[in-house]
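Biologist: Please take a close look at the interior of this protein. I would like to know what packs there and what space is left.

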Amino acid sequence: FQEVATLGARAWEHFEIGKRHLLAVANYRSDASTQIQSVVYEYNETTSAFEVFQFLNSSAANGLDHFRLRNSTFLALANYYDGDEYATTSVVYVYNATTNRLEPFQEIGTIGAAHPTHFRIGDIDFLAIANMYDGDVYEQESVVHRYSETTAKFEPFQAFGTTGGRVWEHFSIGASDFLAIANTYDGEQHSLTSPVYQYNIATQKFELQQEFATTGARVW
């Protein structure tokens, strides 16, 4: 159907704005640098092809997730490495209908971020980011952020010890909500455990529900 030029691409994310179809790619690096641009494409009904809609500055972009919040469209981009440090910022963009552009909404401090995951429990919005590596060790704290109606920002809600944490996955079974993290590598081996947490409504915290033996897990 179509080939798109990419630079060490790590993830695609499709989303819609009204009746428009957009497709974002997280470009990880060129042969020379991690300071490159990730790209959002828009489908053109006339040409039947995706065409460049917007470039987003990124630093070893590792993952993307789109979501709707209060009738606005957001796109979260996880940055892994800025060329000097793994401690950098990942960015949440919001679509501005007036400028017809995705504009920075919030920068979140991350460490070797692998992937952002948005989910909702009841009327509460969360954004979980898997922190993978700090340049020295893979044991990191990956943080779930909760959207605050007061500050209109995502704020740290709960931190989890992860080992080369790669991707969060939220799911529901009946009235219960769960959050799983895929642990990839501890610096010596890939045989690890990847946990599943259950949300406790009473304490408003995620609590360990089960651990699975995994080998180099990348995604749930």
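Modeller: What follows goes through the cores, the aromatic rings, two polar residues and the empty space. Keep in mind that this is a predicted model.

Start with the nonpolar packing. The largest nonpolar core has 22 residues. Those with the most contacts inside it are Phe-119, Phe-126, Val-144, Trp-168 and Phe-206. Which elements give two or more residues to this core? They are β9 (113–121), β10 (124–131), β12 (153–163), β14 (176–183) and β15 (191–200). β10 gives the most, with 4 residues.

Phe-206 deserves a closer look. Leaving aside residues up to four places away in sequence, Phe-206 touches Phe-119, Ile-121, Phe-157, Gln-158, Phe-160, Leu-179, Tyr-197, Gln-198 and Tyr-199. Another core lies apart from the largest one. That other core has 17 residues, among them Ala-24, Ala-26, Ala-61 and Tyr-95.

Now the rings. Phe-206 also belongs to a cluster linked by ring pairs. The other members are Phe-119, Phe-126, Phe-157, Phe-160, Trp-168, Tyr-197 and Tyr-199. The structure as a whole holds 24 aromatic pairs. Two of the pairs can be set side by side. Phe-67 and Phe-74 are stacked, at 5.2 Å centre to centre and with 5° between the planes. Both Phe-67 and Phe-74 are buried. Tyr-86 and Tyr-133 pair edge-to-face, at 5.1 Å centre to centre and with 70° between the planes. This pair links distant parts of the chain, 47 residues apart. Tyr-86 sits in the loop between β6 and β7, and Tyr-133 in the loop between β10 and β11 (139–148). Is Tyr-133 buried or exposed? Tyr-133 counts as buried because its relative accessible area is 15%, and the cut-off for buried is under 20%.

Next, two residues of one strand. Asn-62 is found in strand β5 (residues 61–69). Asn-62 has a relative accessible area of 5%, so this residue is buried. What does Asn-62 touch? Beyond residues up to four places away in sequence, its contacts are Arg-10, Ala-11, Ala-26, Tyr-28, Ala-78, Tyr-80, Ala-113 and Ala-114. One of these, Ala-26, is also a member of the 17-residue core.

Asp-65 has its place in strand β5 as well. Its relative accessible area is 13%, and therefore Asp-65 is buried. With residues up to four places away in sequence set aside, Asp-65 touches Glu-13, Phe-74, Leu-75, Ala-76, Pro-116, Thr-117 and His-118. Phe-74 is the ring that stacks with Phe-67. Thr-88 gives a sense of distance. The C-alpha atoms of Asp-65 and Thr-88 are separated by 18 Å, with these positions 23 residues apart along the chain.

Last, the empty space. Rolling a probe the size of a water molecule over the atoms shows where space is left. How many cavities of 30 Å³ or more are there? The count comes to 1. About 40 Å³ of space lies in the largest cavity. Its lining is formed by Ala-76, Leu-77, Ala-78, Ser-90, Val-91, Val-92, Ile-108, Pro-116, Leu-127 and Ile-129. β6 (72–79), β7 (87–96) and β10 each supply at least two residues of that lining. By type, the lining divides into 9 nonpolar residues, 1 polar residue and no charged residue.

Some lining residues have appeared above. Ala-76 and Pro-116 line the cavity, and both are touched by Asp-65. Ala-78 lines the cavity too, and Ala-78 is touched by Asn-62.

Key:
Residues are numbered from 1 along each chain as its sequence is written. This is a predicted model: local features need pLDDT of at least 70, side-chain atom pairs count only at pLDDT 80 or more; totals for chains, interfaces and linings use all residues. Side-chain values use heavy atoms; hydrogens and water are left out. A nonpolar core is a set of buried Ala, Val, Leu, Ile, Met, Phe, Trp, Tyr and Cys residues joined through side-chain atoms within 4.5 Å. Buried means under 20% relative accessible area, exposed over 50%, partly exposed in between (1.4 Å probe, protein chains only). Contact means heavy atoms within 4.5 Å. On a 1 Å grid over the protein atoms alone, a cavity is a set of points where a 1.4 Å probe fits but cannot get out, and a pocket is an open set with protein on both sides within 12 Å along at least five of seven lines; lining residues have an atom within 4 Å of a point. Grid points are joined across faces, edges and corners, and a volume is the space filled by probe spheres set on the points. Ala, Val, Leu, Ile, Met, Phe, Trp, Tyr, Cys and Pro count as nonpolar, Asp, Glu, Lys and Arg as charged, and the others, Gly among them, as polar. Rings of Phe, Tyr and Trp (its six-membered ring) pair if their centres lie within 6.5 Å; planes under 30 degrees apart count as stacked, over 60 as edge-to-face and the rest as tilted.
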